[in-house]
Amino acid sequence: MNRSELCVQLAKECDLSVEDAVVIVNVFFDSISKALINGSRVEIRGLCSWQIKKYEGYCGRNPNTGDSITIPPKRLPFFKVGKELVDMLNEQLLPKMIAERG
């Protein structure tokens with residue numbers, strides 16, 4: 001599912017116009033992005049969480065030339081799936097996989 005499909009699904013489920021659903025989805029994702037940019041952890045219980053991991057700079061090598069290059073420090077988002085989502089996926093997928101094999 002991509003962003004536009006999510007907007008259409010939200011519009012159907014909540015009896016909204018697609019334009020209103022687009023605004024809601026954009027506000028949702030923008031809010032998550034802004035929280036991460038500000039260094040906050042974002043958690044949606046049962047679904048997932050995001051946090052920023054900081055990586056120190058280091059000296060690396062260009063694999064083509066072998067020259068030393070300096071890799072600057074960076075911050076990257078780290079995504080962790082929620083336990084309830086994992087359990088739900090396994091409850092629905094495992095019986096299907098077992099039935100297909102058996």
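This is a short guided tour of a predicted model, going from one selection to the next.

**Stop 1: the three-stranded sheet**

Start by selecting β1, β2 and β5. These 3 strands form an open sheet in the order β1-β2-β5, with antiparallel pairing. The edges are β1 (42-44) and β5 (74-81), each of which pairs on one side only. If you look across the strands, neighbours in this sheet are turned against each other by 25° on average, direction ignored.

Now keep β2 (residues 48-55) and β5 on screen. They pair in the antiparallel sense over 8 bridges. Show the side chains of W50 and F79: W50 stands opposite F79, which is in β5.

Stay in strand β2 and pick S49, which is found there. Is S49 buried or exposed? S49 counts as buried because its relative accessibility is 8%, and the cut-off for buried is under 20%. Add F78 to the selection and draw a C-alpha to C-alpha distance: S49 and F78 are 29 residues apart in sequence and 8.2 Å apart in space.

**Stop 2: the hairpin**

Next, select β3 (residues 58-61) and β4 (residues 68-71). The two strands run antiparallel and are joined by 4 bridges. Within this pair, C59 stands opposite T70 in β4. Together β3 and β4 make a hairpin with 6 residues between them. Click on G66 in the turn, where phi is positive, about 80°.

**Stop 3: salt bridges**

Time to colour by charge. As a reminder, side chains of opposite charge can pair when their charged atoms come close. How many salt bridges does a search of the whole structure find? The search finds 3.

Begin with E43 and show R41 and R45 as sticks. The side chains of R41 and E43 meet in a salt bridge at 2.8 Å, N to O. E43 also forms a salt bridge with R45, where the closest N and O atoms are 3.5 Å apart. Switch on the surface to see how open these residues are: R41 is partly exposed, with a relative accessible area of 48%, and E43 is partly exposed at 39%. R45, with 72%, is exposed.

Then move to helix α3 (residues 83-101) and select K83 and D87. Both lie in this helix, 4 residues apart, about one turn of the helix. Their side chains meet in a salt bridge of 2.7 Å, N to O. K83 is exposed, with a relative accessible area of 60%, whereas D87 is partly exposed at 30%. Before leaving the charges, glance back at the earlier trio: salt bridges that share partners join R41, E43 and R45 into one network.

**Stop 4: two phenylalanines**

The structure holds 2 aromatic pairs. For one of them, select F28 and F29, an edge-to-face pair with 5.3 Å from centre to centre and 70° between the planes. Both residues can be found from the surface view: F28 counts as partly exposed at 40% relative accessibility, and F29 counts as partly exposed at 28%.

**Stop 5: a nonpolar patch**

Finish by selecting V8, V18 and V22 with the surface on. Together they make a nonpolar surface patch of about 190 Å². V8 is found in helix α1 (residues 3-14). At 37% relative accessibility, V8 counts as partly exposed, and so it passes the cut-off of over 30% for residues in a patch.

Terms used: Residues numbered from 1 in each chain as written. Heavy atoms only, no water. Pairing = 2+ DSSP bridges. Axes fitted to C-alpha atoms, helices over the stretch in contact; angles between N-to-C directions. Patch = residues over 30% accessible without salt bridge, like charges linked within 9 Å, V, L, I, M, F, W, Y side chains within 5 Å. Areas by Shrake-Rupley, 256 points an atom, 1.4 Å probe, with all protein chains shown as cover. Salt bridge = Lys/Arg side-chain N within 4 Å of Asp/Glu carboxyl O. Buried < 20%, exposed > 50% of the residue type's maximum accessible area, 1.4 Å probe, protein only. Phe/Tyr/Trp six-rings, centres within 6.5 Å; stacked < 30°, edge-to-face > 60°.
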